[in-house]
Each structure stands twice: as structure tokens, then as C-alpha cells.
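Me: I have a new structure to look at, and I would like to walk through it with you. Could you answer a few questions as we go?

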Amino acid sequence: MLGYALQRFLVLAATLAVASFVVFGVIEILPGNAAETILGASATPETVAALAHKLGLDQPFALRYWHWASGALSGDLGLSYAYGSPIGPLIAERLAVSAPLAAMAMAIAATLALLGGVYAAGQRGKTGDVAVMAASQVGLAIPNFWLALVLVLIFAVHWRLAPAGGFPGWSAGIGPCLAALILPAIALGVVQAAVLARVTRSALVETLNEDFIRTARAKGLSRGATLWRHALPNAMTPILTIMGLRFADLLAGAIVVENVFVLPGLGRLIVQSIGNRDALVVEDCVMLIAVTVIAINFLVDLACAAIDPRLRTRET
Amino acid sequence: MLLEVIDLAVDLPTPQGLRRVVHDVSFSLDAGESLGIVGESGSGKTMTALALMALLPDGAIVSGALRFLGRDLVGLPEAEMRKLRGDQIAMIFQEPMTALNPIQRVGRQVAEPLRLHRGMDKAAAWAEAVRLLERVRLREPERAAKAYPFALSGGERQRAMIAMALACAPKLLIADEPTTALDVTVQARILDLIAALSAQSAMATLLVSHDLAVVARNCRNVLILYGGTVMESGPAEAVLSDARHPYTKALLDARPRANAPRGERLRAIAGSAAPAGANPQGCPFAGRCPLTLDACRVTPLPTVALEGGRRVRCLRVGADGRLT
């Protein structure tokens, strides 16, 4: 197990190195720079050049990448061009909104997907199965920002059960904050649940055709016990793997949904910073998302290995 | 009488509607007795075995009577059937490679029926599982209990399956092609093990096999199945040494012989196995049988009772057991 974890960790480190280079490089390609944006259209080329020099924008690409990457590794995320303040606390403040949102959305997605998928697999071919799969087909077809707007219309405007947008800040207490996050979390989670319910169902249906399921039934286990004790653990490896992959999609969706709900999260920060050509902030945020996705998938790999002994002992 | 099967019929759902895959199969089994069910693929032998466990595919319809210890299993509520499965009636399967849960330790799987039917706690069931693994003569039973199935050989896994089946000391063991997937040398040892264990505890065994030699060596009685119908039945020694039914004869002729002259071609039965449900009125073997009369295709099969508890179902076999 330890050897497997180490091997996965090395893969993770290499992935991160490549990702950081791509993230930095892509932002560099964007036309215009922070100096131009800060000074506005009426600035003379000389003042722009002077500010660019002050901000270090005239240094070569490789040097700036090195400063950025080495700084990030030692915990220094640099200064925002637009705000002039350190980026670390700026991101931390936004994470206090985005991290709970992502966690809630994923919890909603996983719960709905497992319940729906297990139910559909247990009922395979029957009405219940068809109903769950039809519902997930609808979920798949709905864009999350549209679902977000519909949720606002129904629950915020019509029934006034939750706020339509904004975030009171954690100092206002847990209740109001969760209320502010619940609609965006549902908008993000339901779409993922639709995908994951299908994955859960198909992984389970495949497992239910295995011989060891018949063995379990021959021991006298009920259909339900066989499903939960023997089929689901065996189906968990593909389900967890897809969940890990879909997490990236969920974070990308959060950028849009945060804007719909005017949440001061990472997603809004990214959109604003792109407008400001605040390259370092964008790079740090995107890198943070990349690190999160890669770390989640690393954890998924470990979880799969913990479930399936064959993954731990496979010779490489 | 431990088990009495009377006119068992199984209908399976297909896209074209129900298809009868087992027809009026009847046999009985006493405690400690062994019966071999022999047939080609698709002869209905596995469906007969699964009907006893009430583990047929969804939508299958069973008719006739399956009396186990005087109680009819046909139509028994699932909750009642569950109490019998793994406790009074146990089953082992053809593929030991896939019949064990790949992500659970072998000991836990062997212990599961004990936890379920005997209410044992984890530690007691595990200790008993190790004892069971020792009883099926697995080397280092402690290590085998802790191992995951992929770490065991095919023979070891089949022994573990047998240990699991024996956990609750069942009165009836159904073995569906238990050695087909194993090496020949391992086959004999597994079959001897089953025989020894059944002798120890007066457990009856129902051995389902396509292999006449395996059945001849291990079973007192034999049932020859073709197209979902019993063709011939009786004491294994008598049936296999002096077959009366044309199908049994053809089956015996098709066996490769060790003392055959070099270069002699193996004899095969002409045509291919009839799908169960073919010739619903007459004999399923009609058409492939060299003795087919027009009447064979349309006349319901008679049952001819012979001396020594033998039965033959063929229009061409007379009351004296000879061809007419």
C-alpha cells in the first residue's frame, strides 16, 4: 500500500509541475497587460512602460515563471497588480465561500447519485429504473446556470425560502451562510448527480452480473444485502474514479454559478481578475483549482486501492 | 426422503415469450445419496439446479413440486427460501475464479453464512471459517483465510467455495460443474473431497456435469438430460455400462477411448444439440437420433420402467428394455 501511495504521489508531483507551466504560459498569451488596464486607454506608452517595469512585467518569461513558481512553493503567492495587496489572504477570503460551496455540491451530487443509482440498479428494467434514468437524462441536459436561475425564481423569488444571491459572511453565523450557499450548491450538484447516477447504475448492473453475486445469494443473503455488501463495494472503484474526474467539472461550473448568485468566491475573483488582466491572481487561482483536482484524484486513487486489494499488489 | 422432485418444469422469459427449458423432470434423493445430472450445454441441467435454490433468472416460472424435507419449495416465500439457502441447501459453482468476491478476504466470505444463519459474532465465525478451510484440506488455513481470492489457485478457491458451502452443515449440496474449470489432477482431488465430506455428515449431493466419467465415478444414481427432458435414469453403473436410450448410447460412443486405434476419428453425435423446448410434443432428440420415426416428433414421451429402478423415455424402447 505504501509503495502504491508513493508511486501515485510521484505522478501527482509531475502532473502539478506540468500543470503550473501550462497555467502560467496560457495566461501569458493573453493580449494586454495589467499596466495598460490599470492606467486606462488615455495613458501614454511611456507611463505604461514605467508601470510595467515597476510591476516586473518586462522581465523575461522564464524568470517570471521561476519567481511565481518558487514563491508559490514557499507560500508566497505574490501581490495583486490591481489591488496591490498580497494574493494569499485575498484567495483565502474567497475560499471561505468556494470551498464550502464545492463540498456541499459534491455531497449533494454523491448522495443523489448513490441513492438513485443503487435504486435504479436494484430495479433494473422495471419502472423505477426507467424513471430514475429519465430524470438523470433531464439533469444531464440542463446547464447549471439555467438551473440556478430557475432555482432563484422558485425558491428565492416565489417562495422566499432562500436568498437570491450575495453572501453575508461567516461572521453573520452559520445559518444565513448555509442558506446563501444551498441554492448554488443544488444547481451545481444536481447536474453532477445526473452523470454520477448513470455511472453508479451501470457499474452496479455490470457487477450484479458477476458470478460472486450468485454465490452471495446462494448463501442466503437477500437481494438488498447482496447489493449493498457485495455489489456496491465492487462497483465503487469506477464510481469513485468518475466522481474524482467530475469534481473538476464541478469547480468549473462553480465559476459560472458564483457569478449568477453574486457570491464572493474564487470563481468571481477569477472572472474579475481576467477583466483586470491581473495575471498573477488568475494564475494562482487556476493553479489552486488544478492542485485541488489533482489532490482529489490522488485521494480517489488511494481510496480505490484501499477498497480493491488487487490494485495494491499489482506489479508494475 | 430428503428431496423429491415431481414433474419439474421451468419456463424462462425470452423476447419471443416464455420458453420451456426444463420439462417434467422427476427424481428423488435420500440423505447421504449422490445423484449425477448429465447433459450437454443447454440441456437444462443448470436450470434444474437453480430451480432447487430458487435462484433462476428474474421472470422464470417453475411448476411441478420440489419437496425438500416434506416441504414444497415451489411458491415458497422468498424470506423462507432465504433461510434454507446456504443453511440446509448449499451450492457450489463452476468457476471458482469468479465465484468468490474479489475484494473480500476468503475467511470473511466463508464466515458469512455462519454470521447469517447461526448469528455468530465476527471472531467466532472467523475461527470457524479457519476450521472449515482446514477441513477442506487447504494448506495453511490461517493464511488462506486472510488471503484475497486472487492470491489462491483455482483448486484452492474451489476448496474455499466448498468450505463456504459446508459452513452450516447443509443436508443437500448442489455442485454445478464443480471441477470443469480445474486441471484434471485437481479435479479428482476435489471430487474425492466432496465424496468424503458427504459421507462424514450424510449430506446428499447433486452433481451437475457434462462429464460422464466424473458422474460414473462419483454418483450412485444418474439422470441423463437432453433438451430439458430426462432421457434415462437409474443406478449410474447400470445406466453407463448398459445404456438403453439411443441418446445415452450416442453420448457414451462420443467419449474418446484410450485404447482406440491411432488415427481413429472421434465419434460425434450428428447435428447440434436441440435447444430446450424444441419438439414440444415429441422427443427432443428426434431428428438427431438414428432411430427416429415420424411418430417420435409428435408422440408424448412414454416412460418405460425397467428392472433395478431404471427408467427410459423412448418410443423405440419396449417394456423389456430392448429396442422395438
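Me: Which residues are linked with E232(B) in a network of salt bridges?
Reply: A salt bridge here is a side-chain nitrogen of Lys or Arg within 4 Å of a carboxyl oxygen of Asp or Glu. This is a predicted model, where local features need pLDDT of at least 70 and side-chain atom pairs count only at pLDDT 80 or more, while totals for chains, interfaces and linings use all residues; side-chain values use heavy atoms, with hydrogens and water left out. Residues are numbered from 1 along each chain as its sequence is written, chains are lettered from A and ligands numbered from 1 in the order in which they are written. The network joins E232(B) with D242(B), R244(B) and R310(B).

Me: Thanks! How many salt bridges does the structure hold over all chains?
Reply: The same cut-off of 4 Å from nitrogen to carboxyl oxygen applies here. Over all chains, the number of salt bridges is 23.

Me: Which residue meets D24(B) in a salt bridge, and is that partner buried or exposed?
Reply: The salt bridge of D24(B) is with R313(B), at 2.9 Å from N to O. This pair links distant parts of chain B, with D24(B) in strand β2 (residues 17-29) and R313(B) in the segment after β12 (311-312), 289 residues apart; helices (H or I, at least four residues) and strands (E, at least two) are DSSP runs, numbered from the N terminus. Buried means under 20% relative accessible area, exposed over 50%, and partly exposed in between (1.4 Å probe, protein chains only). D24(B) is partly exposed at 33%, whereas R313(B), at 12%, is buried.

Me: Where does D87(B) find its salt-bridge partner?
Reply: The closest N and O atoms of D87(B) and R118(B) are 3.0 Å apart. D87(B) sits in the loop between α2 (78-84) and β6 (89-92) of chain B, and its partner is 31 residues away. D87(B) is buried because its relative accessible area is 11%, while R118(B) is partly exposed at 41%. The partner R118(B) lies in the loop between α3 (106-117) and α4 (122-135) of chain B.

Me: Why does C296(B) form no bond with the closest cysteine sulfur, and how many disulfides are there over all chains?
Reply: A disulfide is counted when two cysteine sulfur atoms are within 2.5 Å. The sulfur of C296(B) is 6.2 Å from that of C314(B), so it is too far for a bond. C296(B) is also buried, at 9% relative accessibility. Over the whole structure, the number of disulfides found is 0.

Me: What is the strand order in the open sheet of 4 strands?
Reply: Two strands pair if DSSP finds at least two bridges between them. Strands β1 (residues 3-14) and β4 (residues 61-68) of chain B pair in the antiparallel sense over 7 bridges. With antiparallel pairing, the order in chain B is β2-β1-β4-β5.

Me: Lastly, how much area do chain A and chain B bury between them?
Reply: Contact means heavy atoms within 4.5 Å, and 21 residues of chain A are in contact with 28 residues of chain B. Buried area is the accessible area (1.4 Å probe) that two parts lose on being put together, summed over both. Of the area buried here, 57% is on carbon and sulfur atoms. The total is about 2,200 Å².
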